[in-house]
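The following paragraphs lead the reader through one protein model, step by step. Please keep the sequence and the structure in view while reading.

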Amino acid sequence: MYDARFMQRAIAISAEALTTPGTEPFGAVVVRDGQIVGEGLNRSVMNHDPTSHGETEAIRDAARTLGTVDLRGAELYSSCEPCPLCVAAMMIAGISRLYYAADMAQAGAVLGALPESKRFPVDVGAMLAQCGLPATQRAMPASQHSDAEAAEVLARWAALPPAG
């Protein structure tokens, strides 16, 4: 169930970008059982990591805090509607519910005209259109190679006994 306190925390984290060089104003928290278990601020520039979005950082923090990659039952609160990269990370981690503040149209209206020196340009519409396509149909050229070898490694790993 939505709790405004967690959204306020996500927005407060996003505001850290106003005084923290190398960050952007995208903050998120992961909540499980009514407690914040992970927090994240977009640190892509600071970390030289294009995947260091607020949501992915909050997921990483939660996974470390809880000692698991299984975040089923957790909710994510974000200061802005997550991009496809972050949605994929949420799905991989098992996040059960998303709450967000500003949507992509609002973010685009504010950030879309920024010069490249201020923010790396991202065409969110093109990104959304590409995400559901098979690799061979995407705008970025892709071709498959050594699939039998890679599949064999996958099969060997799947046959190992569970760790732990």
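**A walk through the model**

In this predicted model, a polar atom of the T23 side chain lies 2.6 Å from the backbone oxygen of T20. T23 itself is found in the loop that runs between helix 1 (4-15) and strand 1. Is T23 buried or exposed? With a relative accessible area of 12%, T23 falls under the 20% limit and is therefore buried. Leaving aside neighbours within four places in sequence, the residues in contact with T23 are E16, A17, L41, N42, R43 and M46.

The loop leads into strand 1, and a second strand follows. Strand 1 pairs with strand 2 (residues 35-42) in the antiparallel sense, over seven bridges. One of the residues involved is V29, whose bridge partner in strand 2 is E39. The two strands form a hairpin with two residues between them. In the turn, D33 has a positive phi of about 55°. In a regular strand, side chains alternate between the two faces of the sheet.

The nonpolar interior comes next. The largest nonpolar core has 16 residues, and V30, I59, L71, L76, M90 and I95 touch the most other members. At least two residues of this core come from each of strand 1 (24-32), helix 3 (54-66) and helix 4 (84-93). Helix 4 supplies the largest share, four residues. Apart from this core lies another, of ten residues, which include F6, A17, V29 and V31. As for L71, residues up to four places away in sequence are not counted; beyond them, L71 touches R32, I59, A62, A63, L66, A93, G94 and I95.

The cysteines deserve a separate look. A disulfide is a covalent bond between the sulfur atoms of two cysteines. How many disulfides does the model contain? The count comes to zero. The sulfur of C83 has its closest cysteine sulfur in C86, at 3.8 Å, and because a disulfide requires sulfur atoms within 2.5 Å, this is too far for a bond. Both residues are nevertheless buried: C83 has 14% relative accessibility, and C86 has a relative accessible area of 1%.

A database record adds a label for the chain. UniProt, in an unreviewed entry, places the feature "domain: CMP/dCMP-type deaminase" at residues 1-111. In the model, this span is 42% helix and 26% strand, and its end C-alpha atoms lie 30 Å apart.

How values were computed. Residues numbered from 1 in each chain as written. Predicted model: local features only at pLDDT ≥ 70, side-chain atom pairs only at ≥ 80, totals over all residues. Heavy atoms only, no water. Core = buried A, V, L, I, M, F, W, Y, C linked by side-chain atoms within 4.5 Å. Buried < 20%, exposed > 50% of the residue type's maximum accessible area, 1.4 Å probe, protein only. Contact = heavy atoms within 4.5 Å. Polar contact = N/O pair within 3.5 Å; in protein donor to acceptor, adjacent residues only side chain to side chain. Pairing = 2+ DSSP bridges. UniProt positions renumbered as here; feature names shortened; annotations may be inferred.
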